[in-house]
Amino acid sequence: MTELKPSLYASVDEVETPALLVDLDTMEANIQDYASFATENDVRLRSHIKTHKNAEIAHLQNEYSGGGGIVCQTLGEAEVMAKNGIHDIYLSYQVVGRPKLERLVWLAQKLDRFTTTVDGPGNIAPLQTVAADHYVTIDVILEVDVGLHRTGVPLGESALQMARLIQEQSHLNFCGLLAYEAHVKSKAETRTEYERYCTEAMDRTQETVELLEAEGIPVEEVKVGGTATSKYSGEHPAVTEINPGMYPFMDVGELEHRPFDVDKDDCAATIISTVISKPTADRAVVDAGSKTLSMDKPQLPVPKYREDITYVNASEEHGWLDTSDSEKSVDVGDRIEFIVPHVCATINLHDTIVGVRDGRVEELWDVQARGKVK
């Protein structure tokens, strides 16, 4: 059965719910904001498309950044973007397994510029083998662990040893470092703390850059930053590139973590829902549950235009609202718009992004790389 999509230029009031909306004016303003920051601080803005998985938005971000390229988190995402005309892609993920490495080499041969990520012998040696088999040299970034303790080699001597190992490979080209400082978001509570923790992480990264360069290993690139940290780390002289992803849309997580930087007006991505039941005076139920709004984070959806109701619980197709403090009635058939808890995971639940401007549907974007997890 063909998916039912809204009609272009239809009123938002005619969009069947639940639906994923993006306010185009807000999205464009957010993209311009980060692009201006990058220009002012002489760093490249390379946007992470794992948030939206859509080539049209990726092209728009690339245009705003002056050709900064994009970041993908999976090989499948990168393939979709390449097939849709994106020619400069960084894959911020360690690729393992011969079949995937064959795909990676094929992709590298098709693009104007392609770079991938490594962090140890277990993913360096196989990449070298497959690249050599195909007589291709692959550009690589070494991920260093600056505090998240997920992937990445420790800073300092360990990073130096790994950079040397990369340089020894005949078909790998060492380009620089990925220093993803996402740990800052979980510990910083004020703008001052964001500044301090990001500076500390970048200072440590700079020490490693200086160590490598003192040993004759040029570090051309230092890639950093998610949406929350990019504007702090991106001011550091060691940084050459920021890689934010959620910034065009924002979400409840950004609202709660950075109320000094983000407010409701900055949140472009919302779910439009309909009240389907009003069983009691203090409870209403909408048609947007966990299959519409991702619940992978502790945050819950936040009504964008109402302060008097609260989203309190979800099952798969139902969202519970507490209406005990509502200042005006909440009735069956009412439409309520929610800022999404986690925009990356929420978009991945939808086939279509509905772009709206001035209350009208202006864009219908397929989530082309949805499900491309390998």
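Me: Ala, Val, Leu, Ile, Met, Phe, Trp, Tyr, Cys and Pro count as nonpolar, Asp, Glu, Lys and Arg as charged, and the others, Gly among them, as polar. On that basis, what does the lining of the largest pocket hold by class?

Reply: This is a predicted model. The lining of its largest pocket has 19 polar, 15 nonpolar and 11 charged residues. The pocket itself has a volume of about 1000 Å³. Its lining takes in 45 residues, and those closest to the centre are Lys50, Arg150, Tyr180, Met246 and His342.

Me: Which elements give two or more residues to that lining?

Reply: One strand and three helices are listed: β5 (88–94), α7 (183–187), α10 (252–257) and α11 (343–347).

Me: What makes up the lining of the largest cavity?

Reply: Glu143, Val144, Asp145, Val146, Leu148, Arg150, Thr151 and Tyr180 line the largest cavity. By class, that lining has four nonpolar, three charged and one polar residues. Tyr180 falls in the nonpolar class because Tyr counts as nonpolar. The volume of this cavity is about 30 Å³. How many cavities of 30 Å³ or more does the structure hold? One.

Me: Why are α3 and α4 called roughly parallel?

Reply: Set the angle against the cut-off. Helix α3 (residues 75–83) and helix α4 (residues 98–110) pack at about 30°, with axes 11 Å apart. Angles under 35 degrees count as roughly parallel. The two helices are therefore roughly parallel to each other. Their crossing is left-handed.

Me: Which residues make that contact?

Reply: From α3 come Leu75, Gly76, Ala78, Glu79 and Ala82, and from α4 come Lys100, Arg103, Leu104 and Leu107. They divide into five nonpolar, three charged and one polar. Gly76 falls in the polar class because Gly is counted there.

Me: What makes α6 oblique to α8?

Reply: Again, the angle. Helix α6 (residues 157–168) and helix α8 (residues 191–214) pack at about 45°, with axes 9 Å apart. Roughly parallel needs an angle under 35 degrees, and roughly perpendicular runs from 65 to 115. The angle fits neither class, so α6 is oblique to α8. Here the crossing is right-handed.

Me: Which residues make the contact between α6 and α8?

Reply: Glu157, Ala159, Leu160 and Ala163 of α6 meet Thr208, Leu211 and Leu212 of α8. By class, this contact has five nonpolar, one polar and one charged residues.

Me: What is the omega of the peptide bond between Thr17 and Pro18?

Reply: Omega is about -5°, and the bond is cis. Most peptide bonds are trans. Pro18 is found in the segment before β1 (19–23).

Me: What is the phi of Met250, and what is its sign?

Reply: Phi of Met250 is near 60°, a positive value in a residue other than glycine. Most residues other than glycine have a negative phi. Met250 is found in the loop between β11 (241–242) and α10.

How values were computed:
Residues are numbered from 1 along each chain as its sequence is written. This is a predicted model: local features need pLDDT of at least 70, side-chain atom pairs count only at pLDDT 80 or more; totals for chains, interfaces and linings use all residues. Side-chain values use heavy atoms; hydrogens and water are left out. Axes are lines fitted to C-alpha atoms, for helices over the stretch in contact, and angles run from 0 to 180 degrees between N-to-C directions. Helices (H or I, at least four residues) and strands (E, at least two) are DSSP runs, numbered from the N terminus. Angles under 35 degrees count as roughly parallel, over 145 as roughly antiparallel, 65 to 115 as roughly perpendicular and the rest as oblique. A crossing is left-handed if the near helix is turned anticlockwise from the far one by less than a right angle, and right-handed if clockwise. Contact means heavy atoms within 4.5 Å. On a 1 Å grid over the protein atoms alone, a cavity is a set of points where a 1.4 Å probe fits but cannot get out, and a pocket is an open set with protein on both sides within 12 Å along at least five of seven lines; lining residues have an atom within 4 Å of a point. Grid points are joined across faces, edges and corners, and a volume is the space filled by probe spheres set on the points.
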